[in-house]
Amino acid sequence: MSIATADLYDELGESIQSLPIQLRNFGCRSAFDGPIRTIRCLEDNALVKSMLATPGEGAVLVVDGAGSLQTALMGDLIAASAVANGWAGVVIHGAIRDSVAIAGLDLGVKALGTNPRKSGKLGTGELDVDVTFGGVMFRPGAHLYSDEDGILVRR
């Protein structure tokens, strides 16, 4: 990412959305951007695993886990798959696990927090649908910018 989110916001103002939720940085890449792909799921990461095993082509996967911290929606093996498949980053409105291992991967990762507990594997959820959290709409194909200051979404 060549432009800081603060500078981008100064340039675009209200035409870009700013996520007020304070997500934590976990991946080795603190700044990343790309077109958005989405998943809505609750305490079940089967869709996250299958999506990140496909070619990412520089995209950012936004996972709306309803803010649940009961189970982790991504661990180090799934994150390593994302790196191998060319994803720029993953933003999770929920928890991850294996945070120390994820910190060493060339991937942008933001999440609410951590929990070592595994999630369900039933494959429940929805792919590539509009998801909203923190008052921001994450629409598949829109562009997400993330750095140490936060997340912006270009409408």
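Buried means a relative accessible area under 20%, exposed means over 50%, and partly exposed is in between, worked out with a 1.4 Å probe on protein chains only. Keep that scale in mind for the tour.

This is a predicted model, in which local features need pLDDT of at least 70 and side-chain atom pairs count only at pLDDT 80 or more, while totals for chains, interfaces and linings use all residues. Residues are numbered from 1 along each chain as its sequence is written, and side-chain values use heavy atoms, with hydrogens and water left out.

**Stop 1: G58**

Select G58 to start. G58 is partly exposed, with a relative accessible area of 26%, and sits in the loop between α2 and β4. Helices (H or I, at least four residues) and strands (E, at least two) are DSSP runs, numbered from the N terminus. Now add D33: the two residues are 25 apart in sequence, and their C-alpha atoms are 7.9 Å apart in space. Beyond residues up to four places away in sequence, G58 touches D33, G34, P35, G86 and A88; contact here means heavy atoms within 4.5 Å.

**Stop 2: helix α1**

Next, select residues 5-12, which form helix α1, and colour its buried residues T5, L8 and L12. Look down the helix axis: these buried residues fall within an arc of 60°, so they line one face of α1. The arc is taken from the directions from the helix axis to the C-beta atoms. A helix rule helps here: an α-helix has 3.6 residues a turn, so residues three or four places apart point the same way.

What covers the buried residues of α1? Show β1 (16-18), β10 (143-147) and β11 (150-154), which are among the covering parts. Just after the helix comes G13, with a positive phi near 55°.

**Stop 3: Q17**

Move on to Q17 in strand β1. Q17 counts as buried, at 14% relative accessibility. Its side chain reaches the backbone nitrogen of M137 at 3.1 Å. That is a polar contact: a pair of N or O atoms within 3.5 Å where, within protein, one must be able to donate a hydrogen and the other to accept it, and where residues adjacent in sequence count only if both atoms are side-chain atoms. Leaving aside neighbours within four places in sequence, the contacts of Q17 are G135, V136, M137, I151, L152, V153 and R155.

**Stop 4: the nonpolar cores**

A nonpolar core is a set of buried Ala, Val, Leu, Ile, Met, Phe, Trp, Tyr and Cys residues joined through side-chain atoms within 4.5 Å. Which members of the largest core touch the most others? Select L52 and M74, out of 24 residues in that core. The elements giving two or more residues to this core are α2 (46-52), β4 (60-64), α3 (76-84), β5 (89-96) and β6. The largest share, 4 residues, comes from α2.

Zoom in on L52: setting aside residues up to four places away in sequence, L52 touches L61, M74, I78, S81, A82, N85, W87 and V90. A second, separate core has 16 residues, including A88, V91, V136 and I151.

**Stop 5: an aromatic pair**

The whole structure holds 1 aromatic pair. Select F133 and F138, which are stacked, 4.6 Å centre to centre with 25° between the planes. For such pairs, rings of Phe, Tyr and Trp (its six-membered ring) must have centres within 6.5 Å; planes under 30 degrees apart count as stacked, over 60 as edge-to-face and the rest as tilted. F133 is buried at 4% relative accessibility, and F138 is buried at 0%.

**Stop 6: salt bridges**

A salt bridge is a side-chain nitrogen of Lys or Arg within 4 Å of a carboxyl oxygen of Asp or Glu. How many are there in the whole structure? The search finds 5, and three stops follow.

- Select R29 and D106: their closest N and O atoms are 2.9 Å apart. R29 lies in the loop between β2 (24-25) and β3 (32-40) and D106 in the loop between α4 (99-102) and β6 (108-114), so the pair ties together parts that are 77 residues apart in sequence.
- Select R37 and D128: the closest N and O atoms are 2.7 Å apart. This pair links distant parts of the chain, with R37 in strand β3 and D128 in the loop between β7 (126-127) and β8 (131-133), 91 residues apart.
- Select D130 and R139: here the closest N and O atoms are 3.0 Å apart. D130 is partly exposed at 31% relative accessibility, and R139 is partly exposed at 44%.
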